[in-house]
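Welcome, and please have your viewer ready. We will go from one selection to the next and look at what each one shows.

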Amino acid sequence: MKYSIFSLAKAAFSGHQGWTRAWRDPEPKKHYDVVIIGGGGHGLATAYYLAHEFDIRNVAVLEKGWIGSGNAGRNTTIIRSNYLLPGNMGFYELSMKLWERMEQDLNYNTMVSQRGIINLCHSDAQRDAFARRGNGMRINGVDAELLDAAGVRRMLPFLNFDDARFPITGGLLQRRAGTARHDAVVWGYARAADKLGVDIIQNCEVTGLVQKNGRVAGVETTRGTIGAGKVGMAVAGNSSRVAAMAGLRLPIESHVLQAFVSEAIKPLIPGVISFGAGHFYISQSDKGGLVFGGNLDGYNSYAQRGNMPVMEDVCEGGMALIPMIGRVRLMRQWGGIMDMSMDGSPIIDRTPVDGLFFNGGWCYGGFKATPASGLTFAHLLARDEPHPEAARFRLDRFRRGAMIDEKGQGAQPNLH
């Protein structure tokens, strides 16, 4: 069924009783051309682009729970392409362009809202760094505007401009950035992939990899053995666990990243705001809640929960930037498992095990990368060569000394 104003009106006359399932719930087949492990945004986007762009439709997406039950539903929904370094800049701009046409491509309302993002600066040195980034973006055709303090004040008059420790001296604005509804993105890709013949198999946990003559030939699951011509891993924070089934040790660590949402209030935050003096970022959902987050919890963990010290640190950052939110009640908190790579940038590459491909190490950038991640991973799986915009995300870059250290923090995962 194609969604439109006409199908909505037609359904209204029947009491909305005629809607069909958005996707099938098939039994797994014995063999697929490609098996994608992980039913989050990246895995489903990969399956969709395999079918839509490369006409490879004998594809299965395996998810141990329900689709979107991992990191896809545990983020702060920000989309942007305000990056500086070669590799990241082109890739995330490709992703932004795919976000801008996603609803038309998928025939699904993913609630993409390009309300803009402002990265605030609090010193002359930080302003100069943002000017460099903005110039790099504009040279490469990405929109960017450098604002002075007065320009920021006109847009966000409620900020604490005169803080003695962190005065706001300006900001870097990308107007095309914004937010999207994370659940809707998962559902949209699932529905579109299913329509093209992809099997989405939920409650199907991968327990092992079948290897024959040094090549991955399928997967062992809680629903039986499934053969595969190729296997792609897109399992976010569980990458190390799945890779270990093939005897691989990846250059990543898993850390918990917390997110928070407040009670609903009247419209306050017009877009996305990033605090430059502390790791704090905030936007407002369509329901009115303030959605915000900050730093990693600081220790390795697979737990989808956080701790009180980080919660306190994030709230302190919010109070320093917007003192009035101290009167707003915090409603809920959750944690997502981040695969932190050694340089803070992702990995999209074939592994040393023939037939096994890897997509992971997304750090903080996973949600905003969803469409480009799916397209470039599908390209790699279909053609056995990297997509031009993901060519720098090779697994061997750490051995070659070709890191993509966007933050300039060094080769330590928790710093990114």
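Begin with Trp-99 and Phe-367: both are buried, where buried means under 20% relative accessible area, exposed over 50% and partly exposed in between, with a 1.4 Å probe and protein chains only. A word on what you are viewing: this is a predicted model, in which local features need pLDDT of at least 70, side-chain atom pairs count only at pLDDT 80 or more, and totals for chains, interfaces and linings use all residues. Residues are numbered from 1 along each chain as its sequence is written, and side-chain values use heavy atoms, with hydrogens and water left out.

**The whole chain**

Zoom out to the full chain, which has 10 helices and 18 strands; these are DSSP runs numbered from the N terminus, with helices being H or I of at least four residues and strands E of at least two. The radius of gyration is 22 Å, close to the 22 Å from the globule rule for 416 residues, so the chain is as compact as a globular protein of that length. That radius is taken over C-alpha atoms, and the rule is 2.2 Å times the number of residues to the power 0.38. Turn the C-alpha trace along its principal axes and it spans about 65 × 65 × 40 Å.

Of the 416 residues, 55% count as buried. If you switch on a surface, the accessible area comes to about 18300 Å², with 51% belonging to carbon and sulfur atoms; the areas come from the Shrake-Rupley method with a 1.4 Å probe, and for residues only the protein chains shown count as cover. Among contacts with a separation of 6 or more, 74% are between residues 24 or more positions apart, a contact being heavy atoms within 4.5 Å.

**Aromatic pairs**

Now show the side chains of Phe, Tyr and Trp. How many aromatic pairs does a search of the whole structure find? There are 13 aromatic pairs. Rings, with the six-membered one used for Trp, pair if their centres lie within 6.5 Å; planes under 30 degrees apart count as stacked, over 60 as edge-to-face and the rest as tilted.

Select Tyr-48 and Tyr-49 for an edge-to-face pair, with 4.9 Å centre to centre and 70° between the planes. Tyr-48 and Tyr-49 are both buried.

Next, return to Trp-99 and Phe-367, a tilted pair at 5.3 Å centre to centre with 45° between the planes. This pair links distant parts of the chain, 268 residues apart: Trp-99 is in helix H3 (residues 88-106), and Phe-367 is in the loop between strand E18 (356-360) and helix H9 (370-383).

Keep Phe-367 on screen and add His-182, which is found in helix H6 (residues 182-195). His-182 is buried, with a relative accessible area of 11%. Leaving aside residues up to four places away in sequence, His-182 touches Phe-367 along with Ala-72, Gly-73, Asn-75 and Thr-77.

For a cluster, select Tyr-83, Phe-91, Tyr-92, Trp-362 and Phe-393, which form one aromatic group.

**Charges over rings**

Two arginines come next. The charged end of Arg-153 sits over the ring of Phe-161, 4.2 Å from its centre, and that of Arg-241 sits over the ring of Tyr-302, 3.8 Å from its centre. The criterion is NZ of Lys or CZ of Arg within 6 Å of the ring centre and within 35 degrees of the ring normal.

**Strand E11 and its partners**

Switch to cartoon and select E11 (residues 224-233): 7 of its 10 residues are buried, so it is largely enclosed by the rest of the structure. Strands pair if DSSP finds at least two bridges between them.

- E1 (residues 31-37) pairs with E11 in the parallel sense over 6 bridges; look for Val-34 opposite Lys-230.
- E10 (residues 215-221) runs antiparallel to E11, with 4 bridges; Glu-220 has Thr-225 as its bridge partner, and a hairpin joins E10 to E11 through 2 residues.
- E18 pairs with E11 in the parallel sense over 3 bridges, with Phe-357 as the partner of Gly-232.

**Last stop: strand E13**

Select E13 (residues 272-275), where both faces are covered: Val-272 and Ser-274 on one side, and Ile-273 and Phe-275 on the other, are all buried. Strand E4 (residues 117-121) runs parallel to E13, joined by 3 bridges, and Ile-117 stands opposite Val-272. E14 (residues 280-284) runs antiparallel to E13, also with 3 bridges; Ser-274 stands opposite Tyr-281, and 4 residues lie between E13 and E14 in their hairpin.
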